[in-house]
Amino acid sequence: MEQATDSGPDCEGGSSRRQFIRSLAAISAGLTVAAPLGRAAIPEESIPQTAPPNSGSGLGLVRINLKVNGNTRRLFIDPRVTLLDALRDRLELTGTKKGCDRGTCGACTVHLDGRRVLSCLTLAVMAKEREVTTIEGLAKGDELHPVQAAFIECDGFQCGYCTPGQIMSAVACINEGHSGSEREIREFMSGNLCRCGAYPNIVDAIKIAAAKMKGEVS
Amino acid sequence: MSTQIIGKPQDRVDGRLKVTGRAMYSGDRQEENLTYGYLLTSKVAKGLIQAMDTSVAERSPGVAAVYTPFNPLKLYHGLEPPEGATSGETLPPLQDQKILNYGQIIGLVVAESYEQARDAAALVRTQYQAEEPVASWEQGIEHTFTPESVDREKATVKILAEGVDSIDDAIRGSPLVVDVTYTEPIYHHNPMEPHATTAVWHGDRLTIYDATQGVISHRLNVASVLGIDEDMVRVLCPFVGGAFGCKGSMWMFSPLTAAAARALNRPVKTILTREQMFTLVGHRPALIQHLTLGANPDGTLQAVKHDVRSTVSFAKIFVEAAAHRTSRLLYKSPNIQVSHTLVRWNVGGPTFMRAPGCAPGMFSLECAMDELAVRCGIDPVELRTKNDAEVYPGRNVPWSCKNLVECYQLGAEKFGWSKRNSIPGAVQEGDWLVGMGMASALYPAHRNRASAKVRFQADGTAQVSSATQDLGTGTWTVLAMVGADSLGLPIAKIHTELGDSALPSAPTSGGSASVASVTPAIQKAAESAKKKLIQLAIRDRKSPFFGAKIEDVSYRNGELTGAGKSADFGSVLSGIGRSAVEAVEMAAAGEEEEKYAFHSFGAQFCQVKVNRWTGEVRLQRMTSVMDIGTVVNLKTARSQIMGGIVFGIGMALMEGTILEEKTGRYANANFADYLIATNADVPYIDIHFINKPDTIFNPLGARGIGEIGITGTPAAIANAVYNATGRRVREFPILPEKLLPIGANQPMISMSERS
Amino acid sequence: MRPFTYEVPSSIQEATSRGGADAAFIAGGTTIVDLMKLEVMNPSRLVDVNPLPMLGIQMREDGLRIGALEKMSDVAEHPEVVANYPVISEALLQSASAQIRNMASIGGNLLQRTRCGYFRDVFTPCNKREPGTGCSAIDGENRMHAILGTSSSCIATHPSDLAVALVALDASIYIQNGAEERVMNLDDFYLVPGETPDHENQLRPGELITAVRVPRLLWARRSTYLKIRDRESYEFALTSAALALDLNGDTIRDVRIAVGGVGTKPWNLPEVRQALAGKPLKPETFAAAAKLAVNGANPLRHNGFKVDLVQRTIVRALMNLGGLA
């Protein structure tokens, strides 16, 4: 089994492990999630530096650097692993969701070099040395991205499962210049399915966020 | 109840977690030493497994185990519905070689990584002795039977006027008769979050993170299948990524995963694939509904007859009570008869899906009412108003709070119904034929026994806890709002706990009952906690209220006042060195259930356009007016109705699971072929609430809201399609080809054929 | 997904030399990663062509040249494409989703595999996936399947919208094999299934599409892509029509037309073109010409409606583009 390792003290922006712990703190400050939160952090020493003996894929594992949310993470990875599964199972960035694993729902949307793509159809090895941005990397500290704030304001979600994908898609939709009208927003957001049916609220959120983002630029 | 909090639009308290990707769903659990489970499923719909070759898979890198009927994990028969908190699957997998449906669990591969488990699963070779499955209405004729009961009544309910011998006599005696049959395919819930279980054993104690609508029910059912005491199991589910009914029962992959974790002594996580979501976690049954309405020329109903045939599986019975929950009660008629028969198919287990009974039943009833309106030459709104029922037919009890006629009136006004041209096909905009339609909405109000805990804490905050769930419905927020309202505190001071079977017991979140059930318990617990707080304050020497009489000290908005003193609860608790004081209370419905009927009502209005060349139907706008009692959170309530309507759009226009007759295989078990509405399919939806508290139902006056939005929507759309084109499509979904003229020599939907 | 090695060539020549029966090229990955997960495609080597110099969208003397690695989204919104070939832009914008269009390359789009549910399910017989096993669709669920160009071996629909537009415009592709380059008309490139549905096109193992060329056609500025779907977006076509119209007042001077969703390959309609050329711009002309589109159609149990629907699609597209709607 391949393992994620932090790239060491020289990596920029601090480790995602620390972010993970911070996120736990945030959870308990906001509302109490009754669940014990599983493994809060993996002790550094418990991470094998080499693959365990039973982990060979039959073919070579590939060593890659993944730049996720500004942090460079070193992975020793089976080429079969998608970017989605690398994020979720190796880097503990579970904000990006798997809804279909077939490119038919948009829940796994992330930004690759600033453009929205489906991480379920992207092999992790092909994302090497490229800038990956996930939902966890959108806010600046405690300050939400305008799209995140607008989704809360407009109730642009219910269960929240498609939401990370919707938000990553919405940010790109605005940046691409596809938020000019409600009709355009609807069409350019149609790659993100929402079974709870929050679509009209998502459209409202994008309109509000787009106006705010435009204001910030000018 | 203060109006400062209740009824206002409140942002979700869990919103920040959801928009930052930090809300942890069941499949997101990270565990030390975790392994990944991948299910093997049957590729025939009926027969026996003769052999399975797992040798290559077992030798595959990273594989920890391959469980099959030939190398099973011991699982026991599940609880039958009356025993279990919620009916679910009862036949445990891997205990024999029998196949009852395509996609049935026939094995579990566990490996170090998800990829290793998935790819090893593909290396297992299975030999079947296949038989021809039952997978169509025709094949099912031999497997038709009458259920023992339907929605707590007999399979056939007859309400006949004095002197009338049969419903058919009443129909024959009616001057006008509408006699129509509607069919619906199997529908699948398809929440965006696939079912997931992460099972972790600590000694003989099991912790399960499961995507479930009922942590308490899941605990009981999993324990029984594993053969252990339910006290040894804890089920956690703080967030559910959508459910719509399919996470309301325990499905067998969950205890199977737990059994594998026990055998391997390692945590196992199993997440269903989208394809497995079609065969392993339920569906809405296929239905044929035959409806006969008899009426006077003025539209007054004289007879309502509604016969339903719905499918079940060979392993599980679920009755989609499409007539018993709709035609049985919605309209006033001297003669009403509803009946239900079931047909067994070789499919996975059916289960409740958003607005069970009502969603499909209201499709046929409300389309038939539209057909009757046309027959009588009466406006559909007027027809419904004329036949509004004041008392529950056959029981002669009133509704606790019914404002359906007001829904029609407000809806018609907001929508601009008066502008509708009642002549089909009369309105055209460019290439598009435009039509308007309406329908009633209906869903029963349920309330179940529930417990909750309210806890004052020394830091000045309060905690509200109950083992309920938030399916995206907004329970996190509503509990906080009701807690804040009950305690007179700002919402920011309330911590909510839910989704944990260790909390005070609450029912499965289904049937739109969570808010109605849990909030009375919170209100009761809040009052008890206040009493305990005061008792503590007057008994402890360190308290400023020490020695005061209990009746002299009062609690208001977080402060204790009495004996000329005033102090907030946090400082009182801190002062006496107590971390907290808490109370747990249970609440349940009382005698009112005998005296009243409880339902939510509504009216749906919509406008569609149909392309006159190619037949696509697109919804243009929608107005919905809902009578659901007190609106607790205006923001999430609106979203709930919107979500129901969007579900209804899919049901009417694009959804439907295709079952192959010959193989019993679902032909479209994926999101590219099972179409649900996209953003571009959903127009602006105008939502209004009557907002009259139903305090007979519960102290808050709030009935459920999660399901009613879907009801009436498909019929309103179908009726609008008729108004646009003059065509009645009685077979859902309304696909373009069903609107094209028969025969290729008719080049277009022309004005002439729309007479 | 079967284990594979991941290779990154540094030149087009190296890439083609690394190609072969056991290898597959990957660009955007939207088809191949999907099909590898389903084990429909099981290459033991995956050759990543993304670093190769196959980019660029240029309007030249002889027409539009699009590098094979250009993304669908970039081509769809390129000003030259939008201005000169609206049909290409519209076909792309009605394909898939914004995310997929950001990933999928033009070359890959032309090589995408059918969405036939039996092709995609390794547990069902399929002559395209496993020659000789039979076709499950002919007697199975075939609402989305082809009515034109079918055979007793295969009725799988070609899924690309872009290819329909390009075939209508008489586009060609550049194919590289080692140091050798050849140009082939796209319509000729695609094969009907016949007895060998596994042979979908004229690409030989190791060959790479490097670019697409669309001939200069001034009147393609009046062109459109009409796609009929059950839902408004993010769905493959029930039927579609790519249409360019050359008008001389109320007379049709020339037409380019192809249809999608109905053929085992993008379905070019030279007969319809001939029937319309020189005729008055009138609905009756359209209906008569559209009938020719379904010559030889072979409707099955669930897809018979396409015979009618594709004619309606053509008429609707002509009405819209001709300004009669």
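**Exercise 1. Two domains in contact**

Find how many residues of domain 1 of chain B are in contact with how many residues of domain 2 of chain B.

*Solution.* Start with the contact itself: 9 residues of domain 1 of chain B meet 10 residues of domain 2 of chain B, counting a pair when the C-beta atoms, placed from the backbone, lie within 7 Å. Keep in mind that this is a predicted model. Next, sort the domain 1 side by class: 3 residues are nonpolar, 3 polar and 3 charged. Now place the two partners in the chain. Domain 1 of chain B covers 26-132 + 189-279, while domain 2 covers 398-446 + 594-754. Chain B also has a domain 3, at 448-588. Finally, take the C-alpha centres of domain 1 and domain 2 of chain B: they are 37 Å apart.

**Exercise 2. From domains to chains**

Work out how many residues chain A and chain B each bring to their contact, and which elements of chain A take part with two or more residues.

*Solution.* First the totals: chain A supplies 65 residues and chain B supplies 67. Then look for the elements of chain A that give two or more residues to this side: helix 1 (16-30), helix 2 (83-90), helix 3 (146-154), helix 4 (163-175), helix 5 (182-188) and helix 6 (199-217). Last, the make-up of the chain A side by class is 30 nonpolar, 21 polar and 14 charged residues.

**Exercise 3. A mixed sheet in chain B**

Trace the strand order of the open sheet of 5 strands in chain B, and name its edge strands.

*Solution.* Walking across the sheet gives 17-18-26-27-28, with mixed pairing. At the edges are strand 17 (428-429) and strand 28 (685-689) of chain B, each paired on one side only. Zoom in on one edge: strand 17 and strand 18 (residues 432-444) of chain B run antiparallel and are joined by 2 bridges. B:Gln428, for instance, has B:Leu433 in strand 18 as its bridge partner. Then add the helix: helix 11 (residues 404-415) of chain B packs on the sheet and touches strands 18, 26 (599-611), 27 (617-627) and 28. The directions of helix 11 and strand 26 of chain B make an angle of about 30 degrees.

**Exercise 4. An antiparallel sheet in chain C**

Explain why one side of strand 4 and of strand 7 of chain C is left without a neighbour in the sheet.

*Solution.* Write down the order of this open, antiparallel sheet of 5 strands: 4-5-8-6-7 in chain C. Strand 4 (57-60) and strand 7 (180-185) of chain C are at the edges with a single partner strand each, so one side of each lacks a neighbour in the sheet. From strand to strand the twist averages 20 degrees. Moving inward, strand 6 (residues 172-177) and strand 8 (residues 208-215) of chain C run antiparallel, joined by 5 bridges. In strand 8, C:Ala211 is the bridge partner of C:Tyr174.

Terms used:
Residues numbered from 1 in each chain as written. Chains lettered and ligands numbered in written order. Predicted model: local features only at pLDDT ≥ 70, side-chain atom pairs only at ≥ 80, totals over all residues. Domains from an automatic or database assignment. Nonpolar A, V, L, I, M, F, W, Y, C, P; charged D, E, K, R; others polar. Helix = DSSP H or I, 4+ residues; strand = E, 2+ residues; numbered from the N terminus. Pairing = 2+ DSSP bridges. Axes fitted to C-alpha atoms, helices over the stretch in contact; angles between N-to-C directions.
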